[in-house]
Each structure stands twice: as structure tokens, then as C-alpha cells.
Amino acid sequence: MGKFTILDHPLIQHKLTIIRRKETGSNEFRRIVGEIGGLMTYEITRDLPLKDVEIETPIGKTTQKEIAGKKMTIVPILRAGMGMLNGVLEMVPSAKVGVIGMYRDEKTLKPHEYFVKMPKDVAERECLIVDPMLATGGSANMAIGALKKRNVKKIRLAVLVAAPEGVKAVQKANPDVDIYTAAEDDKLLPNGYIYPGLGDAGDRLFGTK
């Protein structure tokens with residue numbers, strides 16, 4: 001079973017409380033979602049492999065460490081995942097970016113994929129899927145499936161808020177994927193929203209409601 005990790009760093013928890021507030025406007029919401037994305041990335045990448053490299057400082061030669069192998073691919077799920085992207089890229093600026101576009105049928109709550117664009121060498125890279133909400137788990141599982149179709153071997157999922165139902169759905173369908181969240185909330189409501197959650201992340205990011 002993949003790891004399920006709640007990142008309870010005080011800065012992450014403090015910033016998450018700000019974006020949960022209904023009076024937080026789009027500008028502040030956007031900025032803080034990016035900041036949380038960056039802070040989460042710092043924790044998620046703790047086990048990236050390192051290799052020795054010989055460099056020269058202004059004082060002399062020395063052997064130091066750098067990240068080994070191909071860098072990560074960050075995969076935001078459109079559209080809300082874009083809110084986390086810049087914060088993640090600030091921490092891992094050499095990462096490539098793949099994009100998965102999905103929309104959710106409001107009646108069935110089922111996701112529908114409409115766009116996938118990945119780096120050519122994505123199969124050789126570790127992928128980090130980012131999406132603010134893990135609700136039913138449908139979109140996450142579809143995104144993971146799209147990467148596995150392209151022979152990606154190491155996949156992680158980073159979300160801001162997760163419902164227990166969504167966590168279970170991903171763990172059941174994709175037990176090899178590690179899940180990271182800033183919070184596991186109480187439950188999923190019949191309309192597909194997480195309670196207490198933070199509302200519709202896409203609408204709050206882009207001011208479309």
C-alpha cells in the first residue's frame with residue numbers, strides 16, 4: 001500500500017485555514033494555494049535520490065550532492081491544479097510539466113478526460129500529480145491511469161484537502177501511489193463537495209462564481 005501522509009507543518013496548517021475562510025478573495029486564495037504547494041513539495045521531495053558531484057567553490061575543489069537522475073514531471077489536473085503549479089515549480093524549477101484536462105459531470109460526479117499533454121520522456125521520470133481537492137477520487141484515479149498508460153512507474157499525488165472516501169478510492173485502485181495532503185476532512189457530501197472543505201477550488205482560484 002502506498003503511503004498516506006498528512007503534512008501537518010504549522011505553516012501549511014496556518015495557510016490552509018486562510019484559504020478555507022469564505023471571505024478570502026481570489027487574489028489572496030491564488031497566492032496562498034501556490035505557497036502551500038511549494039511548502040508541500042519541500043516535504044514530499046525529502047527522499048529524492050542524491051549523487052556526488054565534484055565542483056569548485058571560490059576557495060577550492062569539493063565533492064557535494066545534487067539530485068540524481070531525471071528531474072520530476074509536475075502534472076496539474078486542469079483547471080484547479082494550475083493553482084498549485086507555480087509554487088511547486090519554485091521549489092523544483094528544473095521539473096517538466098505535463099497537463100491533464102478533466103471536467104466533472106455535475107449529475108453523475110464522474111470525471112471526463114478531454115486533454116493530456118506530457119513530456120516525451122515522461123516514462124523515465126517521477127510524476128507528481130497536483131490537484132487541490134481529493135473528493136470522490138475519480139479524477140485522481142483517471143489521472144494516475146493516464147500516466148500508467150504512458151509507462152510512468154513512480155507516481156505521487158499531492159492535494160490540499162482530502163475526503164476519506166477519496167483516499168480509500170485511490171488506495172483501492174492504485175495501491176502503489178503515495179498520497180500527500182495538508183488535511184483529511186470529515187466526509188464527502190452527496191453533491192460531491194468535501195466537508196468542511198474550502199468550496200470549489202477552481203471557482204475560488206479564478207473568480208468564476
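In the predicted model, P119 touches T73, K96, V97 and G98, residues up to four places away in sequence being left out of the count. P119 is placed in the loop between β7 (111-117) and β8 (127-130). With a relative accessibility of 12%, under the 20% limit for burial, this proline counts as buried. One of its partners, G98, lies 21 residues away along the chain, yet the C-alpha atoms of P119 and G98 are separated by 6.2 Å.

Strand β7, which precedes this loop, includes V116. Apart from neighbours within four places in sequence, V116 is in contact with V99, I100 and R150. A separation of 27 residues in sequence divides V116 from A143, while their C-alpha atoms are 9.1 Å apart in space.

These local arrangements belong to a chain with six helices and 13 strands. Its radius of gyration, 18 Å, is close to the 17 Å given by the globule rule for 209 residues, and the chain is therefore as compact as a globular protein of that length. Along the principal axes, the C-alpha atoms fill a box of roughly 65 × 40 × 30 Å. Buried residues make up 47% of the 209 in the chain. Among contacts with a separation of 6 or more, 64% involve residues 24 or more positions apart. The chain exposes about 11,000 Å², of which carbon and sulfur atoms supply 53%. The chain carries 32 positive and 26 negative charges, and the mean positions of the two sets are 4 Å apart.

Helix α1 (residues 10-20) has a buried set consisting of I12, K15, L16, I18 and I19. These residues cover an arc of only 155° around the axis, and they therefore lie on the same side of α1. In an α-helix there are 3.6 residues a turn, so residues three or four places apart point the same way. The exposed residues P10 and H14 are carried on the face of α1 turned away from the buried side. The packing partners of the buried residues are α2, β10 (155-162), β11 (178-184) and α6 (201-206).

Helix α2, one of these partners, spans residues 26-44 and contains T41. T41 counts as buried because its relative accessibility is 2%, under the 20% limit. Beyond its neighbours within four places in sequence, T41 is in contact with V88, M91 and V92.

Several backbone features were also identified. Most residues other than glycine have a negative phi, and most peptide bonds are trans. In this chain, the peptide bond from L78 to R79 is cis, with omega near 0°. R79 is found in the loop between β4 (73-78) and α3 (82-91). A cis peptide bond, again with omega near 0°, also runs from Y195 to P196, and P196 lies in the loop between β13 (194-195) and α6. N151, although not a glycine, has a positive phi of about 65°. This asparagine lies in the loop between α4 (138-149) and β10. At 47% relative accessibility, N151 counts as partly exposed, since that class covers values between the 20% limit for burial and the 50% limit for exposure.

Methods:
Residues are numbered from 1 along each chain as its sequence is written. This is a predicted model: local features need pLDDT of at least 70, side-chain atom pairs count only at pLDDT 80 or more; totals for chains, interfaces and linings use all residues. Side-chain values use heavy atoms; hydrogens and water are left out. Helices (H or I, at least four residues) and strands (E, at least two) are DSSP runs, numbered from the N terminus. The radius of gyration is taken over C-alpha atoms; the globule rule is 2.2 Å times the number of residues to the power 0.38. Buried means under 20% relative accessible area, exposed over 50%, partly exposed in between (1.4 Å probe, protein chains only). Contact means heavy atoms within 4.5 Å. Accessible areas come from the Shrake-Rupley method with a 1.4 Å probe; for residues, only the protein chains shown count as cover. Lys and Arg count as positive and Asp and Glu as negative; His and the chain ends are not counted. The place of a charge is taken as NZ of Lys, CZ of Arg, CG of Asp or CD of Glu. The arc is that of the directions from the helix axis to the C-beta atoms.
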